[in-house]
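Ready for a few exercises on how domains and chains meet? Have your viewer open and try each task before reading its solution.

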Amino acid sequence: MNAPHSTSDRTQPGATDDAETTDGAAHGTTDGAAHGATDGMELTLRIWRQPGPEEQGAMTTYRVTGISPDMSFLDMLDTLNERLIAEGDEPVAFDHDCREGICGACGMVINGQAHGPQPTTTCQLHMRHFDDGDTIDVEPWRAAAFPVIRDLVVDRGALDRVIGAGGYITAPTGSAPEAHATAVPKPAADTAFAHAECIGCGACVAACPNGAAMLFTAAKVVHLGVLPQGAPERESRVLDMVTAMDDEGFGGCTQVGACATACPKGIPFESISDMNREYLRAVRKGGRG
Amino acid sequence: MQDPTAAAPPYAGYEVGTPLADTRAPDGPLAERWNTRRFTAKLVNPANRRNRTVIVVGTGLAGGAAGATLAEQGYHVVQFCYQDSPRRAHSIAAQGGINAAKNYRNDGDSVRRLFHDTVKGGDFRSRESNVHRLAEVSTEIIDQCVAQGVPFAREYGGLLDTRSFGGVQVSRTFYARGQTGQQLLLGAYQALSRQIAAGRVEMHPRCEMLDLIVVDGRARGIVARDLVTGRIETHTADAVVLATGGYGNVFHLSTNAKNSNATAIWRAHRRGALLANPCFTQIHPTCIPRAGDHQSKLTLMSESLRNDGRIWVPRTPGDHRPPQDIPEDERDYYLERAYPAFGNLVPRDIASRAAKNVCDEGRGVGPGGQGVYLDFADAMERLGRRAVEEKYGNLFEMYERITDESPYETPMRIYPAIHYTMGGLWVDYDLQTTVPGLFAIGEANFSDHGANRLGASALMQGLADGYFILPATLGDYLASLPADLTPRAEIDDAHPDVRATVDEVADRLCALLSNNGDRSPESFQKELGELLWEECGMARDADGLRHALEEIPRLRAEFWRRIRVPGSGEAFNQSLEKAHRVSDYLELAELMCLDALHREESCGGHFRSESQTGTGEAERDDERFSYVAAWEFTGEGKPPVLHREELDFEDVRPSQRSYA
């Protein structure tokens with residue numbers, strides 16, 4: 001099994017296949033990893049560990065102590081990782097970068113929810129939303145189109161390829177007319193912005209029971225489609241992006257809505273029907289605009 | 001490689017080498033130079049461009065724009081980023097906006113005014129010809145981005161909205177809510193994606209440059225590590241472009257993305273590229289203070305909050321009462337007191353230093369006493385809660401999510417943080433470093449911001465370099481290559497220069513992996529960062545800098561003695577990535593401190609306590625220091641060589657800034 005969950009295998013492995021347990025409280029701490037165990041929360045983490053793309057993964061249990069409610073979820077994992085390094089173990093791999101909720105790098109399934117219990121990114125989820133003594137399951141994004149690279153790190157290259165198929169306006173550098181040559185009505189500009197906020201984290205795909213990337217694709221289709229600058233490629237864009245989406249192994253939409261609930265940027269669920277309408281329109285127009 | 005565990009002696013000093021001149025900027029009137037240069041630049045025949053390979057490292061505003069544009073021009077582009085997708089480069093986190101001299105407001109703006117503001121804002125330590133070009137190109141950037149579908153804020157009439165930003169008197173900042181960087185970057189990323197799909201850009205995500213390949217004195221490729229497989233790869237080209245951002249993470253705590261790093265520019269520096277003004281770093285006054293020792297990343301709060309928030313600390317050191325229990329006459333609104341004319345809206349460097357001073361006096365608030373209050377109580381009383389909510393609601397929400405405190409009820413706590421680095425690789429007017437064929441664009445170079453960058457100018461520079469300037473100058477280099485240049489096909493893994501570089505990289509990684517010490521990479525980055533923040537942060541003096549120059553080699557030696565990197569080099573290994581980056585910070589930090597020590601003046605973000613006016617303001621010394629300090633690497637533990645590029649001011653007359 002390459003991914004902990006393919007679209008056809010969606011059980012919770014945490015409940016059944018615990019591989020090992022390490023108890024941090026039993027070990028001393030060294031430079032940089034020291035944290036008072038007397039205050040702060042104590043948590044049990046069950047984390048998906050998988051050494052590589054081709055290797056078998058399993059849920060592994062760790063106990064962490066001294067967790068401050070002001071820590072972000074990633075700060076908490078940093079604390080665990082410092083301890084693992086001190087103990088000579090390999091730290092838990094996870095993607096992260098800006099830690100401000102905008103780069104879209106981080107993302108994990110926390111207690112079965114993409115990005116956890118708050119409508120935000122994992123890096124902006126704080127430990128005050130958990131209670132002392134909690135057991136937390138931490139798994140990578142689950143989708144056939146996102147193979148696991150290691151532990152909680154998945155390959156989301158498929159999303160880049162969907163954009164490459166048509167998620168742009170062809171405007172080679174230097175060819176642009178004066179910015180005020182075309183006025184854009186404010187409602188259209190606002191709609192474009194609301195859809196352009198997508199950070200490409202992949203939570204929508206992870207949350208979807210079909211592993212669909214409809215919300216992600218629709219966000220770009222609507223963003224560019226409502227702008228006059230995007231009109232010339234309106235038909236080819238939606239047709240090519242939807243084709244790419246299917247080719248990458250993303251599932252189809254069955255109107256569950258979990259994607260929009262998981263989206264940390266509030267991309268509206270209606271954008272999917274907007275995209276379907278765009279698609280139908282493009283097909284009726286005979287494909288190319 | 002030298003024995004890295006032996007503590008190298010601190011720099012005994014530095015040597016002074018031959019002066020440096022920018023030989024590429026044409027003579028003639030300032031406003032004509034870019035036009036002249038574009039005309040004199042040689043062109044590569046369109047049919048020949050596909051035979052030229054250009055490596056671009058980094059996919060932020062500068063790199064993304066350059067990769068897309070060079071591919072559109074017909075070059076074969078090979079591009080790299082350490083992130084899993086080019087869309088995640090740290091430009092994405094820029095909030096405020098992008099400046100352009102459009103004068104849509106008819107408020108007296110012009111290319112010349114933007115040029116003037118930028119030179120003055122940089123405290124007269126930047127090159128006039130570069131800055132003028134930047135101001136000229138600024139207007140085209142907005143056109144380009146609008147054409148790409150960047151959803152800038154618009155007025156009801158459908159035209160673009162603008163706002164004002166710090167330090168200027170016109171409204172020239174274009175924005176997309178608080179996510180301007182994100183929207184501009186996605187525009188560049190989408191243009192780049194089109195080229196990737198068309199096969200004109202060969203994109204290598206999750207691939208980090210670890211060294212530069214120099215053959216016959218020219219940049220001919222890079223050594224990179226595939227971060228997924230761990231494989232060390234060589235990539236060769238006819239030119240190499242570094243668009244790898246700044247080095248703020250040398251301070252450990254900064255607003256930079258966690259993985260932003262200095263390895264590409266530092267390794268290029270070691271291969272012969274001069275590094276300019278490394279001590280010019282920008283500290284932003286309004287960041288959320290860290291909540292505790294566990295934190296390794298700081299979050300910026302927009303500077304706009306200082307329009308209505310009042311900054312204060314308790315009058316008495318050690319006063320730990322909650323803010324609402326501290327009576328008015330026991331509060332010190334220190335900025336309003338010391339700078340009555342500008343009050344809470346003094347420039348970034350002044351506000352940052354003042355906050356540090358009151359905290360050093362023991363009057364800081366919050367955990368660890370590392371914070372000052374930014375209080376909206378008066379604004380709420382004056383404007384009403386609703387008005388405050390309309391202006392700052394989203395920022396308050398973000399603050400509350402992180403701190404669990406509502407700024408409507410209790411004052412915000414803020415503290416300065418490292419935000420941007422003005423220093424970087426020295427480049428000429430063509431953005432070429434001192435290694436022929438190696439170009440540096442965006443924050444990675446030193447070119448346009450002098451000793452202090454103005455708000456909303458980083459995005460402008462990144463896109464100017466990437467979309468318009470590099471694509472015009474790179475062709476001149478490629479068209480001028482000598483006929484007897486070693487063909488790219490012959491620069492394979494068997495080539496001795498390539499072999500040697502690969503071996504050095506492999507040795508470094510092996511040394512990190514096999515050391516089996518007892519300290520994590522994070523612990524070293526933290527220790528170095530704390531030292532730098534203390535001695536080379538907001539205020540610097542000779543004693544502190546000398547102390548740092550003694551401590552850094554000691555810490556570096558300890559690093560190589562005690563570093564522990566678990567796991568293998570032939571796999572995805574984030575500890576190894578980090579350890580390698582930290583090893584380069586431990587070298588770069590020393591040069592930063594030396595540069596700060598040698599520059600015995602205060603200017604912009606570089607404040608030397610010994611060089612201040614009677615009222616505590618930064619005092620420049622134009623007689624002695626009106627130059628760019630470009631440093632040459634001469635070997636590990638050896639004194640570097642200083643090359644001075646004197647700055648001539650033809651159009652702007654340097655003056656002393658005053659805010660009292």
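Below are three exercises, each with a worked solution.

This is a predicted model, in which local features need pLDDT of at least 70 and side-chain atom pairs count only at pLDDT 80 or more, while totals for chains, interfaces and linings use all residues. Residues are numbered from 1 along each chain as its sequence is written, and chains are lettered from A and ligands numbered from 1 in the order in which they are written.

**Exercise 1.** Describe the contact between chain A and chain B.

Step 1: Count residues in contact (C-beta atoms, placed from the backbone, within 7 Å). Chain A brings 67 residues and chain B 66.

Step 2: Look for elements, where helices (H or I, at least four residues) and strands (E, at least two) are DSSP runs numbered from the N terminus. On the chain A side, α1(A) has the largest share, six residues.

Step 3: Sort by class: nonpolar is Ala, Val, Leu, Ile, Met, Phe, Trp, Tyr, Cys and Pro; charged is Asp, Glu, Lys and Arg; the others, Gly among them, are polar. The chain A side holds 29 nonpolar, 20 polar and 18 charged residues.

**Exercise 2.** Find the domains of chain A and their contact.

Step 1: An automatic or database assignment sets the bounds: domain 1 is 13-149, and domain 2 is 156-169 + 185-284.

Step 2: In chain A, 18 residues of domain 1 meet 16 of domain 2.

Step 3: That domain 1 side has ten nonpolar, seven polar and one charged residue.

**Exercise 3.** Repeat this for chain B.

Step 1: Domain 1 spans 284-419 and domain 2 spans 494-635; their C-alpha centres lie 31 Å apart.

Step 2: Six residues of each chain B domain take part in the contact.

Step 3: Helix α9 (residues 348-360) of chain B gives the most to the domain 1 side, four residues.

Note on methods: Two residues are in contact if their C-beta atoms, placed from the backbone, lie within 7 Å.
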